[in-house]
Amino acid sequence: MNYWPLIGVAAVVLGFVLRLNPALVVVAAGFITGLASQLSPLDVLEVLGKAYTEKRFLLLFLLTLPVIGLLERHGLKEHAQHWVARLRGATMGRLLIAYLLMRQLASAVGLTSLGGHPQTVRPLLAPMAEGAAQSAHGELSEDERQRIRAMAAGTDNVGLFFGEDIFIAFGAVLLIQSFFAEHGLALDPLQIALWGIPTAICAFVIHVLRVLRFERTLARRVEQARNARAGDAADAAADDRAPSP
């Protein structure tokens with residue numbers, strides 16, 4: 001067996017470590033692998049061109065990135081924060097829990113593209129969660145904002161990961177079916193998907209508890225920071241009033 005084509009994997013790792021252009025790294029690794037497999041440069045170009053023309057539909061998601069960039073430039077995040085701040089009873093916890101439920105239900109019926117980090121979490125969910133937290137607890141520090149954004153991204157991950165396992169045509173469900181079939185156990189994809197429901201429910205309950213705990217911890221941290229600032233201001237005022245020796 002010829003192991004030289006695996007040098008392309010090393011080229012990818014080295015390129016990413018050196019923080020080179022990802023597209024350039026991947027194309028260079030493709031040429032390295034092809035040449036190590038004793039293909040001519042023209043044959044490598046033919047393979048790359050064929051793969052691009054057959055899989056170009058995978059690049060359609062790139063069309064959404066300029067749109068999101070334009071919306072953010074024109075104040076989408078700020079408008080989302082102000083809008084949720086005006087809603088009565090809207091808290092960060094309720095917002096994230098509602099999104100988690102929506103994300104799981106949509107993923108369970110195969111609509112995995114309705115959410116996501118670039119198109120939903122960054123421009124909408126995270127700013128709305130920040131706005132709700134700021135409306136309830138006052139001004140937030142940069143560290144607290146980063147924690148809220150991380151929780152929003154984690155909420156999307158949990159909803160997608162445990163929701164799509166219920167979808168009968170999901171690749172992981174079919175992979176599980178083929179694994180059991182290779183070992184002599186015939187299972188219907190519907191059976192596997194149905195057994196994913198208890199796991200999804202447990203994941204929903206656990207993450208809801210995590211969100212509520214995070215919100216309480218955030219409120220406590222903000223209150224402690226506010227009290228610390230008030231104490232520092234009082235100490236500074238007392239020092240100003242104290243007579244000089």
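**Exercise 1. The pair α1 and α2**

Task: Determine how α1 and α2 are oriented relative to each other.

Solution.
Step 1. In this predicted model, local features need pLDDT of at least 70 and side-chain atom pairs count only at pLDDT 80 or more, while totals for chains, interfaces and linings use all residues. Residues are numbered from 1 along each chain as its sequence is written, and side-chain values use heavy atoms, with hydrogens and water left out.

Step 2. Locate the helices: α1 covers residues 7-17 and α2 covers residues 22-36. Helices (H or I, at least four residues) and strands (E, at least two) are DSSP runs, numbered from the N terminus.

Step 3. Take the angle, which is about 160°, with the axes 8 Å apart. Axes are lines fitted to C-alpha atoms, for helices over the stretch in contact, and angles run from 0 to 180 degrees between N-to-C directions.

Step 4. Apply the classes: under 35 degrees is roughly parallel, over 145 roughly antiparallel, 65 to 115 roughly perpendicular, and the rest oblique. α1 and α2 are therefore roughly antiparallel to each other.

Step 5. Add the handedness: α1 passes α2 in a right-handed crossing. A crossing is right-handed if the near helix is turned clockwise from the far one by less than a right angle, and left-handed if anticlockwise.

**Exercise 2. The residues between α1 and α2**

Task: State which residues of α1 and α2 meet, and sort them by type.

Solution.
Step 1. On the α1 side are Ile7, Gly8, Ala11, Val12, Gly15 and Phe16. They meet Pro22, Val25, Ala29, Ile32, Thr33 and Ala36 of α2, where contact means heavy atoms within 4.5 Å.

Step 2. The residues of this contact divide into nine nonpolar, three polar and no charged. Ala, Val, Leu, Ile, Met, Phe, Trp, Tyr, Cys and Pro count as nonpolar, Asp, Glu, Lys and Arg as charged, and the others, Gly among them, as polar.

**Exercise 3. Two loop residues**

Task: Find what is notable about phi in Arg19 and in Gln38.

Solution.
Step 1. Most residues other than glycine have a negative phi.

Step 2. Arg19, in the loop between α1 and α2, has a positive phi near 60°. At 77% relative accessibility, Arg19 counts as exposed; buried means under 20% relative accessible area, exposed over 50%, and partly exposed in between (1.4 Å probe, protein chains only).

Step 3. Gln38 sits in the loop between α2 and α3 (41-55). The phi of Gln38 is also positive, about 70°, although Gln38 is not a glycine. Gln38 is exposed, with 72% relative accessible area.

**Exercise 4. The pair α6 and α8**

Task: Describe the packing of α6 on α8.

Solution.
Step 1. α6 spans residues 92-108, and α8 spans residues 142-164.

Step 2. Their angle is about 25°, with the axes 7 Å apart. α6 and α8 are therefore roughly parallel to each other.

Step 3. α6 passes α8 in a right-handed crossing. Residues making the contact include Leu96, Tyr99 and Arg103 of α6, and Met151, Asp156 and Phe162 of α8. By type, the residues of the contact are eleven nonpolar, five polar and three charged.

**Exercise 5. Three arginines**

Task: Say whether Arg103, Arg145 and Arg147 are buried or partly exposed, and list their partners.

Solution.
Step 1. Arg103 lies in α6 and counts as buried at 2% relative accessibility. Neighbours within four places in sequence aside, Arg103 is in contact with residues including Leu111, Thr112, Asp156 and Leu160. A polar atom of the Arg103 side chain lies 2.8 Å from the backbone oxygen of Thr112.

Step 2. Arg145, in α8, is buried at 13% relative accessibility. The side chains of Arg145 and Glu139 are joined by a polar contact of 3.4 Å. A polar contact is a pair of N or O atoms within 3.5 Å; within protein, one must be able to donate a hydrogen and the other to accept it, and residues adjacent in sequence count only if both atoms are side-chain atoms.

Step 3. Arg147, also in α8, is partly exposed at 40% relative accessibility. Its side chain makes a polar contact of 3.0 Å with the side chain of Asp143. Not counting residues up to four places away in sequence, Arg147 touches Phe214 and Arg221. Arg147 and Phe214 are 67 residues apart in sequence and 9.2 Å apart in space, C-alpha to C-alpha.
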